Amino acid sequence: MKMNKILSCILIEWRKLIKSKLSIITACTVCLVPFIVGIFAAMMKYPEYFKNLGLISAKMEMMRITDWPSYLMSLSQVISIGGLLIFGFTTSWTFGREYSDKTMIDLLVIPIKRETIVLSKFIVIALWSYFISIIALILGLLAGKLIGLSGWNSIIVFKGIFTFAYCTTLTILLSTPVGFFACLGRGYLSPLAFIIFTVLFSQLGSALNLGEYIPWSVPALASGITGKMIFNLGGIISLFGVSISGFILTIAWWRYADYN
């Protein structure tokens with residue numbers, strides 16, 4: 001019976017997400033990941049066509065996408081940073097819309113435990129985030145093939161896909177605090193402010209060489225954004241700590257907060 005309620009909640013939340021404009025917005029936005037990386041890869045592969053583009057040409061030397069290993073690594077880097085925004089925005093909408101649409105009171109009186117509703121929302125957020133990330137990865141692989149990058153082999157591709165999946169998972173886990181701030185602020189403004197803060201905070205931490213200890217910098221560092229993949233146990237622990245704390249705080253808010 002309990003599993004049936006969870007599945008029912010997941011199905012309802014999934015339908016709400018799919019039928020909303022957010023699904024189109026996030027799906028289109030995530031397509032920017034392979035587009036951005038593909039553009040820079042094409043610039044490195046065919047520099048003669050981009051030599052008169054000024055500032056964009058100068059960016060080529062920063063990316064250094066010359067083969068499949070660097071290309072796949074760049075895909076992981078972009079999803080690690082962009083995912084904080086895209087997945088966070090999905091979480092903000094999923095929880096914040098209940099307040100803006102004034103449906104929160106309806107959810108509180110239905111005969112389903114509040115933690116079940118929260119769990120179903122986070123599951124749908126994760127499923128949708130994985131779905132659009134897979135789209136980005138497939139488009140990225142197709143773009144790489146069209147560009148004609150060198151160094152393709154099954155081991156490199158498998159390693160690149162694994163890194164992409166790993167970084168995507170870590171980034172999705174960081175979405176749980178956004179759900180709490182959406183509940184705390186009872187809308188979209190607070191979680192969006194929190195998302196912007198985390199992105200800026202992670203960039204500042206990386207600039208000060210403290211990124212491996214900042215949860216929101218861990219996915220990007222694991223993708224090899226500094227030139228090598230950094231796996232710091234302390235950073236991973238802090239990331240899981242933030243994720244679990246966000247999940248628990250969100251459930252606690254739904255169970256104990258005053259909604260009057």
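Helices here are DSSP runs of H or I with at least four residues, numbered from the N terminus. By that count Ser133 sits in helix H7. The coordinates belong to a predicted model, and the account below moves from the whole chain to particular residues and then returns to Ser133.

The chain has 12 helices and zero strands. Read from the N terminus, the order of elements is therefore α-α-α-α-α-α-α-α-α-α-α-α, since helices and strands are the DSSP runs defined above. Of the 260 residues, 48% are buried. Among contacts with a separation of 6 or more, 78% are between residues 24 or more positions apart. The exposed area of the chain comes to about 13300 Å², with carbon and sulfur atoms supplying 72% of it.

One part of that surface can be named. Leu32, Phe35, Ile36 and Ile39 make up a nonpolar surface patch, and together they have about 350 Å² of accessible area. Phe35 belongs to helix H3, which covers residues 32-45. Its relative accessible area is 52%, and a residue counts as exposed when that value is over 50%, so Phe35 is classed as exposed.

Charged side chains come next. Side chains of opposite charge can pair when their charged atoms come close. Across the whole structure, a search finds six salt bridges. Several of them involve Glu98. With Lys16, Glu98 forms a salt bridge in which the closest N and O atoms are 2.9 Å apart. This pair links distant parts of the chain, as Glu98 is in helix H5 and Lys16 in helix H1 (residues 2-18), 82 residues apart. How accessible are the two partners, Glu98 and Lys16? Glu98 has a relative accessible area of 1% and is therefore buried, the limit being under 20%. Lys16, at 22%, is partly exposed because its value lies between the limits for buried and exposed.

A salt bridge also joins Glu98 to Arg97, with 3.7 Å between the closest N and O atoms. Both Glu98 and Arg97 are buried. Lys121 is another partner of Glu98, and their side chains meet in a salt bridge at 2.6 Å, N to O. Lys121 lies in helix H7 (residues 114-147) and Glu98 in helix H5, so this pair ties together parts that are 23 residues apart in sequence. Lys121 has a relative accessibility of 0% and so counts as buried. Through shared partners, salt bridges join Glu13, Lys16, Arg97, Glu98 and Lys121 into one network.

The next topic is empty space inside the model. Rolling a probe the size of a water molecule over the atoms shows where empty space is left. A search of the whole structure gives two cavities of 30 Å³ or more. The largest cavity has a volume of about 60 Å³. Which residues line the largest cavity? They are Leu84, Gly88, Thr171, Leu174, Ser175, Val178, Phe194, Ile195, Thr198 and Trp216. Helix H5 (68-100) and helix H10 (189-207) are the elements that give two or more residues to this lining. H10 provides the largest share, three residues.

A loop residue is worth a look as well. Leu149 lies between H7 and helix H8 (154-173), in the loop that separates them. Is Leu149 buried or exposed? With a relative accessibility of 9%, Leu149 falls under the 20% limit and so counts as buried. Its contacts, leaving aside neighbours within four places in sequence, are with Ala41, Thr66, Asp67, Trp68, Tyr71 and Gly144. Trp68 is 81 residues from Leu149 in sequence, yet their C-alpha atoms are 6.0 Å apart in space.

Back in helix H7, the helix that holds Ser133, the accessibility can be read in the same manner. The relative accessible area of Ser133 is 2%, which means that this residue is buried. Not counting residues up to four places away in sequence, Ser133 touches Ile79, Phe87, Phe164 and Thr168.

Key
Residues numbered from 1 in each chain as written. Predicted model: local features only at pLDDT ≥ 70, side-chain atom pairs only at ≥ 80, totals over all residues. Heavy atoms only, no water. Patch = residues over 30% accessible without salt bridge, like charges linked within 9 Å, V, L, I, M, F, W, Y side chains within 5 Å. Areas by Shrake-Rupley, 256 points an atom, 1.4 Å probe, with all protein chains shown as cover. Salt bridge = Lys/Arg side-chain N within 4 Å of Asp/Glu carboxyl O. Buried < 20%, exposed > 50% of the residue type's maximum accessible area, 1.4 Å probe, protein only. Contact = heavy atoms within 4.5 Å. 1 Å grid on protein atoms, 1.4 Å probe; cavity = no way out; pocket = protein on both sides within 12 Å on 5 of 7 lines; lining within 4 Å. Points joined across faces, edges and corners; volume = space filled by probe spheres on them.
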